[in-house]
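Student: I am new to this structure and would like a close look at a single part of it. Please choose one helix and its surroundings, and explain them step by step.

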Amino acid sequence: MIRTFAAVLLCAGLALPLAGCSNDKSSRSSTSTSSSDASITVAGSTALLPLVKQAAQDYQTKNPDAKISVSGGGSRLGITQTSQKGIDIGNSDIPAENEPNLVDHEVAVAQFDVAVNPASGVKNLTTAQIQSIFSGRVTNFKQVGGNDQAITIVNRPQSSGTRAVFVEKFMNGAQPVAGGITQDSSGTVASIVRQTPGAITYVANSYVKGDGIAAVSVNGVAPTEDNVKNGKYLFWSYEHMFTYGQPGRAAAAFIDFVKNDVGALK
């Protein structure tokens, strides 16, 4: 059974729970960076944040002596703080380049969406149209088949892994146009879209829920779990939990739990 948190769990491109992956390089024998063997600090990706927060709650319920602190801050913050030994686990939507001391534990595949306020009147965009909007060449949704509604771009900061994935998948490496609104938190981004008739953004699928925000199809392909699995929908990334060197027992146990926590994935 494939489980999601608006993320599809995959192993080496296959639709399998990551608990069975053999590419996790973690060891159970090295020293933890935490001050207590039962204390774990986690920070980074806000796309991965809902899963890890729920997993932490479930883990602590089953392990009352464990103390797990989970926060966001963006993928690059998670990588940087882990490399500086400031936290035990850094969550990230992107690989940790030029960080030879970090060990990568892939825990999920996150689906991302190009999301709009329904007042835009847009339900599908091509890659070229997305590029035109986020480069500033298109400024009204009527130019891409929507309503006569001025576009408000809601961007993520440079520290965001979600932004890095968006730039890779849609912008050919070019950065989105400056201006508009920039917010770090995925939850805040989704709230702004709900409150702003002309808003458009890129955000983890887990935040595209309820009224006032809708994911658009891309090149006629709906943003669904099935389309991620069959390779038709390409806006996704592996989700990583990084440790400085091999994790200690507490961090390793929690990483394994994140891969398998049914409660968090429903």
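Tutor: A residue is called buried when its relative accessible area is under 20%. With that cut-off we can look at helix α3, in what is a predicted model. Helix α3 covers residues 127-134, and its buried residues are Ile130, Gln131, Ser132, Ile133 and Phe134. An α-helix has 3.6 residues a turn, so residues three or four places apart point the same way. The buried residues of α3 also include neighbours in sequence, such as Gln131 and Ser132.

What lies over these residues? The cover includes the strands β5, β6 (124-125), β7 (152-155), β9 (199-204) and β11 (217-218), together with helix α4. After α3 comes Gly136, which has a positive phi, near 90 degrees.

One buried residue of α3, Phe134, leads further into the surroundings. Phe134 belongs to an aromatic cluster whose other members are Phe112, Phe166, Phe170, Tyr202 and Phe235. The structure holds ten aromatic pairs. One of them joins Phe166 and Phe235, a tilted pair with 6.1 Å between the centres and 55 degrees between the planes. Phe166 sits in helix α4 (residues 161-170), while Phe235 sits in the loop between α6 (225-229) and β12 (236-244); the two are 69 residues apart, and the pair links distant parts of the chain. Phe166 counts as buried because its relative accessible area is 0%. Phe235, at 1%, is therefore buried as well.

Phe235 also pairs with Phe170, this time edge-to-face, at 5.0 Å centre to centre and 85 degrees between the planes. Phe170 is in helix α4 and Phe235 is in the loop between α6 and β12, so this pair ties together parts of the chain 65 residues apart in sequence. Both Phe170 and Phe235 are buried. In the same region of the sequence, Lys169 lies over the face of Trp236, 5.3 Å from the centre of the ring.

The wider setting comes next. The protein has 266 residues, and 52% of them count as buried. Its secondary structure consists of eight helices and twelve strands. The largest nonpolar core has 67 residues, of which Ile200, Met241 and Phe254 touch the most other members. Strand β5 (residues 102-116) supplies the largest share of this core, eight residues; β5 is also among the elements that cover the buried residues of α3. Among contacts between residues at least 6 apart in sequence, 76% join residues at least 24 apart. On the outside, the protein exposes about 11300 Å², of which carbon and sulfur atoms supply 48%.

Another helix can be set beside α3. Helix α1 (residues 49-62) has 14 residues and reaches 20 Å from its first C-alpha to its last, close to the 20 Å expected at 1.5 Å a residue. The buried residues of α1 are Leu49, Leu51, Val52, Ala55, Ala56, Asp58 and Tyr59.

A last stop is the loop between β9 and β10 (214-215), which holds Gly212. Strand β9, which precedes this loop, is among the elements covering α3. Beyond its neighbours within four places in sequence, Gly212 is in contact with Val116, Asn117, Pro118, Val193 and Arg194. Arg194 is 18 residues from Gly212 in sequence, yet their C-alpha atoms are 4.3 Å apart.

Notes:
Residues are numbered from 1 along each chain as its sequence is written. This is a predicted model: local features need pLDDT of at least 70, side-chain atom pairs count only at pLDDT 80 or more; totals for chains, interfaces and linings use all residues. Side-chain values use heavy atoms; hydrogens and water are left out. A nonpolar core is a set of buried Ala, Val, Leu, Ile, Met, Phe, Trp, Tyr and Cys residues joined through side-chain atoms within 4.5 Å. Buried means under 20% relative accessible area, exposed over 50%, partly exposed in between (1.4 Å probe, protein chains only). Helices (H or I, at least four residues) and strands (E, at least two) are DSSP runs, numbered from the N terminus. Contact means heavy atoms within 4.5 Å. Accessible areas come from the Shrake-Rupley method with a 1.4 Å probe; for residues, only the protein chains shown count as cover. Rings of Phe, Tyr and Trp (its six-membered ring) pair if their centres lie within 6.5 Å; planes under 30 degrees apart count as stacked, over 60 as edge-to-face and the rest as tilted. A charge sits over a ring if NZ of Lys or CZ of Arg is within 6 Å of the ring centre and within 35 degrees of the ring normal. The expected span of a helix is 1.5 Å times one less than its number of residues.
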